[in-house]
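Let's take a walk through a protein model together. Have the structure open, and turn it around as you read.

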Amino acid sequence: MIRVQITKKRFLVVEDETDIAELVALHLSDLDAEVTLVNSGPEGLEKALSNSWDVIVLDLRLPGMDGIDVCRNIRNQGINIPIIMLTARSTELDRVLGLEIGADDYMTKPFSALELQARVKALLRRSAIQEHQQVSTADDLAVTTLKYGVLKIDKRRRLVWLNEVSVELTSKEYELLCYFAENPGVAFSRSELLDKVWGYHHQGYEHTVNSHINRLRGKLEKIEGCPQYIQTVWGVGYRFQAPDSETTLAS
Ligand code: CA
C-alpha cells in the first residue's frame with residue numbers, strides 16, 4: 001500500500017499591525033496553508049529558527065527588532081527559507097535593497113491579495129520542484145546538470161557543489177549563478193542581470209546586483225580550489241568564466 005502524505009504548507013507572518021497581519025493570514029490560508037502570526041521582531045526570529053516554514057512574510061518595522069535584523073539573523077544561521085519583506089513606503093524599500101539582507105522578494109504596502117498570493121506561489125513552486133526532484137532517480141538528474149570544472153549545478157534539485165562540497169545559496173544567489181552558468185563568457189550589465197534574474201525592473205537598484213554577486217563569490221571562493229568563476233568586466237558588469245578544460249553542458 002502506498003501511503004501519500006499531504007502536508008499543508010506552513011507560513012510564518014511577522015507583522016505588528018493587526019489589520020494587515022490578519023488580512024495577510026486570510027489571503028495565505030486561501031493557498032491551503034497553515035498560517036502562524038507573530039507580532040514582534042524577537043518572536044519572529046525565535047519562531048523562524050525553531051520551526052520549519054515554507055515561506056516567511058516579514059514586515060520591516062517591528063517592535064523589539066526590525067525586519068532587516070530578523071532577516072539577517074535568519075540568513076546568518078544558514079537558513080534559506082524564502083522570505084518576502086513588507087515595507088510601508090518605497091523609501092524603505094530603497095533602504096532594504098541597499099542593505100541587501102538576503103530576502104527573496106519585497107512588497108510595498110498596500111498590495112493586493114492577488115499580488116501577495118502570486119509572489120508566495122512563485123516561491124512555493126520553486127521549493128516544490130526542489131522537493132519533488134529529490135526523490136527522482138540519479139539517471140533523471142544527470143540530464144539537467146551544468147558542470148564547469150569543480151563546479152556542479154543540479155538544476156532539478158537546485159543544488160550546487162564545488163569540489164564535491166555542497167554550497168548553500170539563497171534562491172536569488174542560486175538563480176544568479178544559474179543564469180551566469182547558462183551563458184558562459186557573456187558579459188552582462190547590472191541592469192540586464194536585474195531584468196533577467198529579478199524578473200521585474202528595478203531601475204536604480206544596480207547595487208543590489210553587486211551585493212548579491214559579492215555574497216555569491218564569497219560563498220564560492222571560501223571553498224578551497226574554486227577558480228574565479230564570476231569576473232568583473234570593467235565598464236560593463238560581470239561575466240561567468242568557465243575553466244578552459246572539461247566543460248560539459250547537458251540539458
Ligand atoms: Ca510594522
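Before we start, one piece of vocabulary: a residue is called buried when its relative accessible area is under 20%, exposed when that value is over 50%, and partly exposed in between, using a 1.4 Å probe and protein chains only. Keep in mind that this is a predicted model, where local features need pLDDT of at least 70, side-chain atom pairs count only at pLDDT 80 or more, and totals for chains, interfaces and linings use all residues. Residues are numbered from 1 along each chain as its sequence is written, and side-chain values use heavy atoms, with hydrogens and water left out.

Let's begin with the whole protein. It has nine helices and 13 strands; these are DSSP runs numbered from the N terminus, with at least four residues for a helix (H or I) and at least two for a strand (E). Of the 251 residues, 46% are buried. Now think about contacts, meaning heavy atoms within 4.5 Å. Among contacts between residues at least 6 apart in sequence, 59% join residues at least 24 apart.

Next, find the calcium ion. Which residues coordinate the calcium ion? They are Asp 16 (OD), Glu 17 (OE), Asp 59 (OD) and Arg 61 (O), at 2.1 to 3.1 Å. Donors here are N, O and S atoms within 2.8 Å of the metal, or 3.2 Å for Na, K and Ca; water is not among the atoms, so sites may look incomplete. Along the sequence, the donor residues follow the spacing D-E-x41-D-x1-R. Glu 17 and Arg 61 link distant parts of the chain, 44 residues apart: Glu 17 sits in the loop between strand E1 (9–14) and helix H1 (18–29), and Arg 61 in the loop between strand E3 (55–59) and helix H3 (67–76). Are these two buried or exposed? Neither, quite: Glu 17 is partly exposed, with a relative accessible area of 38%, and Arg 61 is also partly exposed, at 49%.

Glu 17 has another role in our tour. Together with Glu 15, Asp 59 and Lys 109, Glu 17 is linked in a network of salt bridges. A salt bridge is a side-chain nitrogen of Lys or Arg within 4 Å of a carboxyl oxygen of Asp or Glu, and the structure holds 15 salt bridges.

Helix H3 is a good place to look at some of them. Arg 72 and Asp 69 both lie in this helix, three residues apart, about one turn of the helix, and their side chains meet in a salt bridge (3.5 Å, N to O). Both residues are partly exposed, Arg 72 at 32% and Asp 69 at 33%. Now look at the salt bridge between Asp 104 and Arg 75, whose closest N and O atoms are 2.9 Å apart. Arg 75 is in helix H3, while Asp 104 lies in the loop between helix H4 (90–99) and strand E5 (105–108), 29 residues apart. Asp 104 and Arg 75 are both buried.

On to the rings. Phe, Tyr and Trp (its six-membered ring) pair if their ring centres lie within 6.5 Å; planes under 30 degrees apart count as stacked, over 60 as edge-to-face, and the rest as tilted. The structure holds four aromatic pairs. One of them is the tilted pair of Tyr 179 and Phe 188, with 5.0 Å centre to centre and 45 degrees between the planes. Tyr 179 and Phe 188 are both buried. Elsewhere, ring pairs link Tyr 148, Tyr 229 and Phe 240 into a cluster.

Stay with Tyr 229 for a moment. Its place is in the loop between helix H9 (206–221) and strand E11 (230–233), and at 1% relative accessibility it counts as buried. Leaving aside neighbours within four places in sequence, Tyr 229 is in contact with residues including Gly 149, Leu 151, Leu 162 and Pro 243. Tyr 229 and Leu 151 are 78 residues apart along the chain, yet their C-alpha atoms are separated by 9.0 Å.

Finally, visit two rings with a charged partner. Arg 10 lies over the face of Trp 53, at 4.7 Å from the ring centre, and Lys 152 lies over the face of Trp 161, at 4.9 Å. A charge sits over a ring if NZ of Lys or CZ of Arg is within 6 Å of the ring centre and within 35 degrees of the ring normal.
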